[in-house]
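User: Please take a close look at a single part of the structure shown below. I am new to it and would welcome one connected account.

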Amino acid sequence: MRTTRRVFLGGAASAAVGAAFPGVIRSACAQGAGATTRIGMVLPVTGPGADAGRFALNGAKIALEAVNKAGGVLGKPLEIVTEDDQTTNPGAVLAFSKLASQSDLVGFLGSIRSTQNHAMAPDILKTGKPVCFGGTDPVLTQMGNPWLFRFRPNDSYSARVIADFGVNTLSKKKWAVIHSTDAFGTSGAKALTEALAKAGATVALDQGYSNQSQDFTPVVLAIRQSGAEVIGSYFTFENDLGIFARQLRQLGVTVPWVGSPSIVNVTALKLAGPSLFGTYGVADYAEESSEAARAFGKAYRAVTKIAPDNQSSWTYDAVTVLAMAINKAGKTDPQAIREALLSIRGHEGAEGTYNFDKNGDGLHGYNVVKNDKGSIVFDKRIDFNQG
Amino acid sequence: MDLVLQLLFTGIGIGAVYALVALGFVLIFRATNVVNFAQGEFSMVAAFLMVVFAVDLEWPYWLSFLLAIGGMALLGALFNLGVYYPLRHRSYLPVIISTIGASIFLANTTLALYGPQPQVLPPVFETQGILLGPVFLDSQYLLIIAVTAVLVAFQYWFFEHTLIGKKLQATSQDKEMAALLGIPVAGMIMLTFVYSAVLGGIAGILVAPVLFVSIQMGATIALKAFAATIIGGFGDVTGAIIGGLALGIIETFGAAYISVPYKDAFAFIVLVAFLILRPQGLFGERIAEKA
């Protein structure tokens, strides 16, 4: 073929557009082919949450493979389009906007970070399509945004379980509440303080810290001075949790510690090592809690060769349930998918039994687990109202 | 009193890390008149190199350390050739922007090559620390303080009592005059970049067992080290040390006695106060004049 100037300029322009906007090209091809049902996924590929993003993607991919093996969605293979949220709120908003601009995406997976879901919420409302997310701030599903569906139990449940276990099982009444000052940590601490008051316990110390702290000596010394008998915590990032755990033990604080799910994350266990031995955690995912959890654990280990945790189990459930809802709706109309999601009852997922309530909360209980010399041992499951 | 001593020890320990990274800032600023915003990434890269050699490949710690430091020397040389040298005749601004670009490049290259998983680098000593009465002295912080003291002493001796040190000083004071006197200016600047990369690398390796090894660790340390440099006085070695230690102590005591969530803010309140009231820092010259 002779290369004319028009052909050359056309090719150069296509190459430039292709280089600058790979998502647009990919989207256009997929739309043209119409061969797949596509959903978007906001996840951290860079920034301090990048490790969590890797776990999240693994869980979603395992579910994707299972969905497609079972016939896909609406007779077509399911496809996930991802965007990096950079573990920041502006990054999450930008990532969601990029995905939302692709009109053929029928639903989305949001963030595991509450603060990022808060940042994206106005755009989610404007986009008007279902978003499955993992942030545990209870407020997220109480803002009147009909498109938010939570695939982890919220912190009003985790707080009640932490308080119940600490007060009634460990018999500790004087608490130190340690939490991140982000949306997740603040709302978790508030819920825990309320739950402790109801359980008849007192909060001797309520101590927030900012994420990415390099030193927790002042926090540990404050715990020591408060005379607290037990620690309840809401840590957002595993790095912070690891540094705190190490300094806590070094400075001689040996009181029991019951933490939010990050205390049993794979990364936290690796970083903190023996400093976390003997601690308790509430875990939305516990491998021995049910048949479905065991099956997911087996599938996850087969693919990744490492133990699963809640960072991958919620995306596994979200992809599975979203695919199920679209199939149940029989069409990609957002309102029909929303209604199908809300009607889900008794679905056994890796994280527990899904019964969506009118707010979009799918799960209503937590597992209590113990770190037994580095192994996470399932203790019991506590479920509350079933929506 | 126990509380004060414990906080003081931790403050000095974390401040020593800031001081080490701040020394790297100062050296490059003295030699080239630009701020190297990739100084923190040097720490991060060195920590990852240690993880690769000592943890992944399970090579002896001393060998891994030598290889990591050798790697940092090479990185410093490449940094000079790729980031500073091509822009050396421009004003300071393009070079500063170039160092910011290099810091992003180093962080993302490490992310792409190694992955996002935070890593654990075992401490040099098996024992976690010493209990001196009611005060716990973390062995890693003790090592950090000791190494910082040795490096500062070495640097003082090197600059004041060796011919190369004096040539480096002459280069930093007036490049054209130094060239006229027969000093190989390009070589001296190359040496400065190599040495500051090694300094940043040592800081990263020392702090890795305390803060863990992650892509973000460099940026976190560098921001504080930069503040320490301004407090101490840009271009002044003593200032970098005093500034780093002061910053570590201020933020630790501020967190304990005023507010933990605002710990980072104390450093920057002090920084702003210095910029307004004493822009030359504790020991340095006016930034505006130098820049």
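Analyst: Axes here are lines fitted to C-alpha atoms, for helices over the stretch in contact, with angles from 0 to 180 degrees between N-to-C directions; helices (H or I, at least four residues) and strands (E, at least two) are DSSP runs numbered from the N terminus. The model is predicted, so local features need pLDDT of at least 70 and side-chain atom pairs pLDDT 80 or more, while totals for chains, interfaces and linings use all residues. Residues are numbered from 1 along each chain as written, chains are lettered from A and ligands numbered from 1 in written order, and side-chain values use heavy atoms, without hydrogens or water.

In chain B, the axes of helix 2 (residues 39–56) and helix 8 (residues 185–211) come within 7 Å and cross at roughly 55°. Helix 2 of chain B is therefore oblique to helix 8 of chain B (neither under 35, over 145, nor 65 to 115 degrees). Their crossing is right-handed, the near helix being turned clockwise from the far one by less than a right angle.

Where the two helices are in contact (heavy atoms within 4.5 Å), helix 2 of chain B contributes Gln39(B), Phe42(B), Ser43(B), Ala46(B), Ala47(B) and Met50(B). Their partners in helix 8 of chain B include Gly200(B), Gly201(B), Gly204(B), Ile205(B) and Ala208(B). By class, this contact of helix 2 with helix 8 of chain B has eight nonpolar residues, six polar ones and no charged ones; Gly counts as polar, and Asp, Glu, Lys and Arg as charged, whereas Ala, Val, Leu, Ile, Met, Phe, Trp, Tyr, Cys and Pro count as nonpolar.
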